[in-house]
Amino acid sequence: MKLCRFNQDRLGLLEGEQVFDVTPALQALPPARWPVSPGDPLIVHLDRLIPAIEALRPTATAHALAQVTLHSPITQPSKIMAAPANYRLHVLQDTRDPGVDQGVHAKALEGVDRPVDKYGLFLKATSSLAGAHEGVEVVFPDRRTDHEIELAVVIGKTGRDISRAQAMAHVAGYTLGLDMTVRGVEERSYRKSPDSYTVLGPAFVSADEIADPHALTMSLWVNGERRQHSRTGAMTVDIPDLIEFASRAYTLYPGDVILTGTPEGVGPVLPGDEVRVSCAEIGEMRFGVRARLLP
Ligand code: MN
């Protein structure tokens, strides 16, 4: 099942180029009362939403995908975790570019087989979330902002100290993620968390639709020029290990997102650019890059 958020507050079932409006399924959600438990309501209650969505599907209004505005399918993750330097060619090729690395990591990563084991994960602010409709708003016009396409894993089940053997049972599904990044020497949590610097979409794809998340091909184009193109199997620390590693530190909640690292080919974006990302099993989305209009 592919679920999207469209036209601001509508829940959509995405099938091919059609979006079926299944918003009334949200009535299956329990009313929220303070204090709200951590987690994204859509994912927390996915088990009760799916039958409601299936019941609505035959009579749901269909919209052409091209005619709706797409927002992030995940709205309230308790956290967005991300893996640094998790594709070997990204480390070998991109960090040789001083504009990418700024002298921070290339030296430190020499001879390190699994950077995640050494450097851990980093967190991105949940307020950095955006969807295709919002796009990316460049925050420092005189600095370099890069695209990083990543497979985003969406956690489905609460857990701490999750073993590698149990890890995949904690995955609800997947989406495409952009770990947009200001290049520089500040903490990652500053450079990678401005508003709009985590774009998710086009849809949340439930885990049952993806037989092997390490056998996907994801691609990114800027203004029609392909910049990134890689198999997810090239990631150094795989998804079960990332979940085991993350859950040693953090309780993982439904809706939490793990960005699994970017392959080679990162590069700058500028206001006016159009970015397109695609993965056959997840879908495709386009979004714009714009300048920030200061007050
Ligand atoms: Mn990244």
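Tutor: Let's begin with a term: a residue is buried if its relative accessible area is under 20%, and exposed if that area is over 50%. Please keep in mind that this is a predicted model.

Student: Thanks! Are E148 and E150 buried or exposed?

Tutor: These two residues both give an OE donor to the manganese ion. With the cut-off of under 20% relative accessible area in mind, E148 and E150 both come out as buried.

Student: Which residues coordinate the manganese ion, and at what distances?

Tutor: In sequence, the donor residues follow the spacing E-x1-E-x28-D. The glutamates of that pattern are E148 and E150, and the aspartate is D179, which gives an OD donor. So the ion is held by E148, E150 and D179, at 2.0 to 2.1 Å.

Student: D179 looks busy. What is its salt bridge partner, and how far apart in sequence are the parts that the pair ties together?

Tutor: The side chain of D179 meets that of K124, with 2.7 Å from N to O. D179 belongs to strand β12 (residues 171–179) and K124 to strand β7 (residues 122–124), so the pair links parts of the chain that are 55 residues apart in sequence. Both D179 and K124 are buried. The partner asked for is K124, and the separation is 55 residues.

Student: And which residue forms a salt bridge with E148?

Tutor: E148 sits in the loop between β10 and β11 (149–155), and its partner in the loop between α8 (188–191) and β14 (198–206), so the pair ties together parts that are 44 residues apart in sequence. Both residues of the pair are buried. Their side chains meet at 3.2 Å, N to O, and the partner of E148 is K192.

Student: Which residues join into one network through salt bridges that share partners?

Tutor: The whole structure has 22 salt bridges. One of them joins D146 and R144 at 2.7 Å, N to O; D146 is buried, with a relative accessible area of 0%, while R144 is partly exposed at 23%. Through shared partners, the network takes in D97, K124, R144, D146, E148, D179, R183 and K192.

Student: In what order do the strands of the open three-stranded sheet stand?

Tutor: Strand β10 (residues 145–147) runs antiparallel to β13 and is joined to it by two bridges, with D146 facing T181 as its bridge partner. β13 (181–182) and β18 (267–269) each have a single partner strand, so they stand at the edges. That gives the order β13-β10-β18.

Student: Moving to another part, which residue in the hairpin of β2 and β3 takes a positive phi?

Tutor: Strands β2 (residues 10–15) and β3 (residues 18–21) run antiparallel over four bridges, and G12 stands opposite D21. On β3 there is also antiparallel pairing with strand β4 (residues 62–64) over three bridges, where V19 faces H63. The hairpin of β2 and β3 has two residues between its strands, and the one with a phi near 60 degrees is G16.

Student: Last one: how much space lies in the largest cavity?

Tutor: The structure has one cavity of 30 Å³ or more. Its lining has 22 residues, and those closest to the centre are H90, H105, E148, R183 and R188. By kind, the lining divides into six nonpolar, eight polar and eight charged residues. The space inside comes to about 230 Å³.

Definitions and conventions:
Residues numbered from 1 in each chain as written. Predicted model: local features only at pLDDT ≥ 70, side-chain atom pairs only at ≥ 80, totals over all residues. Heavy atoms only, no water. Pairing = 2+ DSSP bridges. Donors = N, O, S within 2.8 Å, 3.2 Å for Na, K, Ca; no water. Buried < 20%, exposed > 50% of the residue type's maximum accessible area, 1.4 Å probe, protein only. Salt bridge = Lys/Arg side-chain N within 4 Å of Asp/Glu carboxyl O. 1 Å grid on protein atoms, 1.4 Å probe; cavity = no way out; pocket = protein on both sides within 12 Å on 5 of 7 lines; lining within 4 Å. Points joined across faces, edges and corners; volume = space filled by probe spheres on them. Nonpolar A, V, L, I, M, F, W, Y, C, P; charged D, E, K, R; others polar.
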